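Me: I am new to this structure and would like a close look at a single part of it. Please take the largest pocket, and describe carefully what surrounds it.

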Amino acid sequence: MSTPKHPLPLRRLGRTELDVTCLSMGGAGIGRGEITDDEAIEAVRCAITLGINYLDTSPLYGESERRVGLALADGWREKIYLATKTGTHPKWRGDYSAAGTRRSVENSLRLLRTDYLDVCLVHDPSSMDPVVAKGGALDELQRMREEGLVKFIGLGVREHEFHKIAIETGIVDVILTHLDYTLLSQTANEWLLSFAHENDIGVINGSPLGMALLTGLEPDIENKSPEAEKARQLWQWATDNNLSLLNLAIQFSLRQPLIATTLTGSKNAIEVEQNFAAATTPVSDDVWQQLQVLL
């Protein structure tokens, strides 16, 4: 594999000691919609060829795990850190019991065609009680860690207080926060990022493009949400100043040193290349100063 022309900086993923690329690939995009297996395989292998070394997926993302498994065959698995999740499989959604956790992880290992996960995240619980309970998800993930099936344990959820509970157990190594460190919202910066840093927990930032509001395309005028209105203002400002909103959105996340890696859920190789270009194209200090005023 040739060395990428613009290699992505590596960052330490908290106490895991994994050195991950600042940009990583989310698996939601390749699991849903009109995507074919071949397109998904091409997207994953394109990301790896560009130097991206962390891939996050979930049983929730349709065909994603199976397609990632196809893409990582023939020696590609060894080129990447692989993460998936438990608790949101469509058949067993909301099952955070020990038995449910093991069943979900074993199913993921089969689909992903691997005998271990670098990271397994408890995904989107509505309460942390069953997750931290004796005989719950975290207990079982610790057993699977001892067995070598899972290397590191984490939590992926929107609620910051849930992350705090997970971190205080001393069990989790990483957290995945989403939609809360973007050009539209920075609530993760109020205390969560610093709390994770103080506890040496690796932080993964999901949805830096605000659920597609910051891709660089003009946001749909039919969307009347406050986030969409803010995104339209940002899009207009970027357009007026001959700037790429995609570039700004990804660089905004990469500029935060307390975030180890930023996930973008590309649907195909073209989007992988676009996100990589955005992550490797610097933004001037002058633009950040102007943007700060706008925000």
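Reply: Helices and strands are here DSSP runs, a helix having at least four residues and a strand at least two, and they are numbered from the N terminus. With that in mind, and remembering that this is a predicted model, we can turn to the pocket itself.

The largest pocket has a volume of about 900 Å³, and its lining is made up of 32 residues, among which Ala28, Ser207, Met211, Thr264 and Gly265 lie nearest the centre. Strand 8, strand 10 (261-264) and helix 10 (269-279) are the elements that give two or more residues to this lining, and the largest share, 3 residues, comes from helix 10. Sorted by class, the lining holds 15 polar, 11 nonpolar and 6 charged residues.

Strand 10 deserves a slower look, since Thr264, one of the residues nearest the pocket's centre, belongs to it. In a regular strand the side chains alternate between the two faces of the sheet. In strand 10, Thr262 and Thr264 point one way while Thr261 and Leu263 point the other, and all four are buried.

The neighbours of strand 10 come next. On one hand it pairs with strand 3 (residues 23-26) in the parallel sense over 3 bridges, with Leu23 standing opposite Thr262; on the other, strand 9 and strand 10 pair, again in the parallel sense, over 2 bridges, and there Ile204 stands opposite Thr261.

Strand 8 (residues 174-178), which also contributes to the pocket lining, is joined to strand 9 (residues 202-206) by 5 bridges, the two running parallel, and Val174 of this pairing stands opposite Gly202.

These pairings are part of a wider arrangement, a closed barrel of 8 strands that runs 3-4-5-6-7-8-9-10 with parallel pairing. Neighbouring strands of this sheet are turned by 30° against each other on average, if direction is ignored. Helix 5 (residues 137-146) packs on the sheet, where it touches strand 5 (81-86), strand 6 (117-123) and strand 7 (150-156), and its direction makes about 160° with that of strand 7.

For contrast with the open pocket, the model also has 1 cavity of 30 Å³ or more, with a volume of about 30 Å³. Helix 3 (residues 98-112) gives the largest share of the cavity's lining, 3 residues, and by class this lining has 6 polar, 2 charged and 1 nonpolar residues.

Notes: Residues numbered from 1 in each chain as written. Predicted model: local features only at pLDDT ≥ 70, side-chain atom pairs only at ≥ 80, totals over all residues. Heavy atoms only, no water. Pairing = 2+ DSSP bridges. Axes fitted to C-alpha atoms, helices over the stretch in contact; angles between N-to-C directions. Contact = heavy atoms within 4.5 Å. 1 Å grid on protein atoms, 1.4 Å probe; cavity = no way out; pocket = protein on both sides within 12 Å on 5 of 7 lines; lining within 4 Å. Points joined across faces, edges and corners; volume = space filled by probe spheres on them. Nonpolar A, V, L, I, M, F, W, Y, C, P; charged D, E, K, R; others polar. Buried < 20%, exposed > 50% of the residue type's maximum accessible area, 1.4 Å probe, protein only.
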